[in-house]
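Reader: I'd like a close look at one small part of this model, please. Walk me through it as one connected story, and keep it casual.

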Amino acid sequence: VDDLKAKLAAQEVELKKKNEDADKLIQEVGIETEKVTKEKAVVDEEERKVAAITVVVGGKQRDCEEDVAKAEPALQAAQDALNTLNKKNLTELKSFGSPVAAVTNVTAAVMVLTAPGGKVPKDRSWKAAKVMMAKVDTFLDSLINFNKENIPEACLKAIRPYLQDPEFQPDLVASKSYAAAGLCSWVLNIVKFYEVYCEVEPKRQALSKANAELGAAQEKLTAIKSRIIHLNENLAKLTAKFEKATADKVKCQQEAESTARTISLANRL
């Protein structure tokens with residue numbers, strides 16, 4: 001019995017140490033679990049933000065696409081108008097001696113719209129128009145490469161009276177000159193395109209800003225998720241240690257209880 005008591009005393013010391021180890025580990029597991037829980041809450045919040053921004057971006061994207069679709073026909077019509085122009089019919093137009101007002105208004109409108117740096121020319125006479133069209137190839141290139149997304153305000157203001165003229169229509173001008181009708185159509189459609197483009201541009205900028213916000217939010221979310229993976233790995237290692245310590249403690253407890261039962265039986269005997 002004395003031998004068994006000595007054995008039990010040693011087992012109880014060992015059991016006490018194993019209890020302390022297990023308690024220390026459970027505290028560590030608790031701290032790590034709390035960290036993971038907090039990070040998961042942050043992830044949930046960030047995921048909600050990303051989802052909300054994604055909805056906003058989607059709406060702005062659709063809005064922009066719809067507006068761009070509105071501008072597309074005008075741009076295509078301007079391109080088609082340019083396709084009707086060639087060296088032959090422009091040379092023919094240039095050779096007119098004294099054309100009717102419907103034709104000179106068209107060439108004047110072209111001079112206004114293509115005025116370099118928005119400096120609208122005062123002289124928009126037929127003589128000035130002929131100078132503008134002097135080199136037919138160069139003139140045609142200037143129309144093809146016209147900066148349709150950046151028309152100076154002065155040009156737009158000066159061209160309004162021409163556009164409001166009821167005779168400023170390709171169909172009416174065509175009977176006077178086929179080339180002038182093409183120029184008329186080009187002017188009308190370029191202005192129409194620019195008006196729609198001006199509506200779309202702020203929306204495009206807003207879309208770009210929203211996309212940047214979405215990108216930043218997604219990056220933040222990815223960083224937090226990667227932190228959670230790291231924390232979960234630490235937690236898994238600690239949990240494994242804790243489970244082993246608990247198993248050792250239970251085994252030690254069972255051995256101590258077995259010794260205590262043996263002592264009890266020996267005492268009774």
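Author: One cut-off to start with: a residue counts as buried when its relative accessible area is under 20%. Keep in mind that this is a predicted model. Now take threonine 104, which sits in helix α3, residues 101–113. Its relative accessibility is 18%, so threonine 104 counts as buried. As for what the side chain is up to, it reaches the backbone oxygen of alanine 101 at 3.1 Å. Leaving aside residues up to four places away in sequence, threonine 104 touches Pro99 and Trp126.

Helix α3 also has company from α2, so to speak. In α2, which covers residues 87–94, the buried residues are Asn89, Leu90 and Leu93. These three cover an arc of only 100° around the axis, which puts them on the same side of α2. That fits the usual helix arithmetic: an α-helix has 3.6 residues a turn, so residues three or four places apart point the same way. The buried residues of α2 pack against α3, and also against α4 (126–132), α5 (136–144) and α8 (178–268). At its N-terminal end, α2 is capped by asparagine 86, with a side-chain oxygen 3.0 Å from the backbone nitrogen of lysine 88.

One last thing, about α8, which spans 178–268. The unreviewed UniProt entry places a "coiled-coil region" at residues 207–255, and another at residues 1–28. In the model, residues 207–255 are 100% helix and 0% strand, with the end C-alpha atoms 70 Å apart. Residues 1–28 come out at 96% helix and 0% strand, and their end C-alpha atoms lie 40 Å apart.

Notes. Residues numbered from 1 in each chain as written. Predicted model: local features only at pLDDT ≥ 70, side-chain atom pairs only at ≥ 80, totals over all residues. Heavy atoms only, no water. Helix = DSSP H or I, 4+ residues; strand = E, 2+ residues; numbered from the N terminus. Buried < 20%, exposed > 50% of the residue type's maximum accessible area, 1.4 Å probe, protein only. Polar contact = N/O pair within 3.5 Å; in protein donor to acceptor, adjacent residues only side chain to side chain. Contact = heavy atoms within 4.5 Å. UniProt positions renumbered as here; feature names shortened; annotations may be inferred. Arc of directions from axis to C-beta.
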